[in-house]
Amino acid sequence: MELIGLANYAVFMGILIGIYALLSLALNIQWGLTGLFNAGIAGFFAIGAYTSAILTSPHVAGRVGGFDMPILVGWAAAMLMATLIAWPIARICLRFRSDYLAIATIGVAEIFRLIIKSEDWLTGGSRGITGIPRPFGDLPYVQSQLAYLALVVIAVLVVYLLVERQLRSPWGRMMRAIRDNEASAAAMGKNVEARRRQAFMFGSAIMGLAGALFVHFNRSITPEAIDPMIATFLIWIMLILGGSGNNRGAILGAIVIWLIWSISEMLTDRLPTEVAIQAKYVRIFIIGLMLQLVLRFRPEGILPEEHKKKPVPPGRVQP
Amino acid sequence: MTVLNFINFYIVPGLVLGSIYAVGAIGITMVFGIMRFAHLAHGDMATMGAFFALAAIGLFGVSPWMALPIAMIMAAVLAVGIDRVFYDYLRERPKILTVMASLGLALMLRSAVQVIWGVDPVTYVRGIVRPDSYFGILLRPRELYTLLSLIVIVVALTLFLKTSKWGKAMRAMSDNPDLALLSGVDNRMVTILTWSIVGALCAAAGFMLGINTELNSMMGWHLLLPMFAAAILGGVGRVEGAVLGGFIVGLVEELSVLVLPGQYKAATAFVILLLILLVRPRGLLNGKVL
């Protein structure tokens, strides 16, 4: 009995890790490949989640909805919506250094949080959206969980292969050239701003997809479901620790950090209530500190980027 | 609506809020101009400073406005320490990594506040203060002191930057770091000075927000967008621009309730930020663009 419980928990964890791996891969396109600082990942995640939820959930009085669309339509719409919102932001901010993008994406996440909380007719306000259908949801619990895990794994695999292919293609080479030396890439006739915009929108679409996968797994969503700052930050540390620029590193980072994060949660939940609340914030503090330590002692991550050439020592001519 | 009512309900709160944003935005603009990166931990540093003042009131039993200088000194020390430990070693690497470190630091500072002081809102003083009437314009003492503090801070800072040797060195670093270093400006000293001023300004902004509203662990994070909007609106690297930007953002936020539902007040700063980046990224007073 104990073992079955544990196996069930492992499947549950596997699904969440898969969703985080998708987000980490998406960030790898934006940061690892292109050097764009997205500090509002949770915002794009929530945009995807709510878009798919609104399109596929049954009708509820006082809220737009009841479209009862197929789940796949919801997922496609989630990706499309996240891309559409990414476009104007990219258009305005990518002309400048990535600092401006960081501020603007924080803004996107904050504004979207406001909209979710206050527009009852669209998002259900603080009650959120419930009764969201789940693929294979009619099966018994265990089969349903396993089927969803398979679905998430397929999604991660497809995105991984897509991004990996992109990385190795001339497009990937061009993106790295832009990231590492913007001026020379521009001099070679590459349209730096347009390429960056492409990468930002591509990454945002996958973040939207991850949001949709999460909402159909959870079957409901409320504004409190995700803390924007903590979710965004977890994904950052996943990518940096795993190795930015390396897709396998992005997935590995998602596994490692999510295990640390949820195991530490289990441990702190056993503490007496007075300390448990403080322990929750100590965990957040430690995640923040971990980023500083990785940046300082292993900036390339566990699995460093493969294509990166070692810098040529000064004074020596490259053969 | 009479003119006086309009002033009392919209202009006065807008100016008070604007002074808070202005003090924060001066710090942002100094880090942006001299250290050359967007300091995302600025808001949470302000939260920390506000709670330092609370601690000073509790420890020494002084009045809130007497606690402010103590909190400013504590925050200055903290800011210099943070730079030493977390930002300084990233100096030679791409600046965007420092931005990332500052995002991590924002989270660390906030959770430290949550561990030490908890998550429930607190206030410096209890009780309701009746506003005094100045020819029909209603001002509470704390609002008057907030405006006066902004004036004192801006005058002192401008005098320091324009006349003192180190102030000139800081302006030189902001204008052209290579030339400044070549002329023998001590980079380390400029860094320490900048961070201590920035830390003190953070504490002042946090304190002013705390005394006019309440203290909670998220107060500073919510200041971040308006402060950046103000700094970029005024022109990055320009102290007087940050003040101008702060007042504009504060007034627009307060006036926005005339046309927008109240809960979207916070969205106006974001709109201002995007608009200024779209039409005039150098800002009103011709600042820098990174």
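Start by colouring chain B by confidence: its pLDDT averages 92, and 100% of the residues score at least 70. Keep in mind that this is a predicted model. For the complex, the predictor reports an ipTM of 0.91 and a pTM of 0.92.

**Stop one: where the chains meet**

Next, select the contact between the two chains, which draws 32 residues from chain A and 35 residues from chain B. Stay on chain A and pick out helix H3 (71-93), helix H4 (98-118), helix H10 (228-242) and helix H12 (273-297), each of which supplies at least two residues of the side that touches chain B. Which helix gives the most to that side? Highlight H4(A), with twelve residues. Now recolour this side of chain A by residue class, and you'll get 21 nonpolar, seven polar and four charged residues.

**Stop two: a helix pair inside chain A**

Hide chain B for a moment and show helix H2 (residues 41-56) of chain A together with H3(A). Their axes come within 8 Å and cross at roughly 140 degrees. Angles over 145 would count as roughly antiparallel, so H2(A) and H3(A) are oblique to each other. The crossing of H2(A) past H3(A) is right-handed.

Zoom in and turn on side chains. On the H2(A) side, the residues to click include A:Phe44, A:Ile47, A:Gly48 and A:Leu55. They belong to a contact whose H3(A) side includes A:Trp75, A:Met79, A:Met81 and A:Ile85. What is the make-up of the contact of H2(A) with H3(A) by class? Count 13 nonpolar and five polar residues, with no charged ones.

Definitions and conventions:
Residues numbered from 1 in each chain as written. Chains lettered and ligands numbered in written order. Predicted model: local features only at pLDDT ≥ 70, side-chain atom pairs only at ≥ 80, totals over all residues. Contact = placed C-beta atoms within 7 Å. Helix = DSSP H or I, 4+ residues; strand = E, 2+ residues; numbered from the N terminus. Nonpolar A, V, L, I, M, F, W, Y, C, P; charged D, E, K, R; others polar. pLDDT = per-residue confidence, 0-100. Axes fitted to C-alpha atoms, helices over the stretch in contact; angles between N-to-C directions. Parallel < 35°, antiparallel > 145°, perpendicular 65-115°, else oblique. Left-handed = near helix turned anticlockwise from the far one by under 90°.
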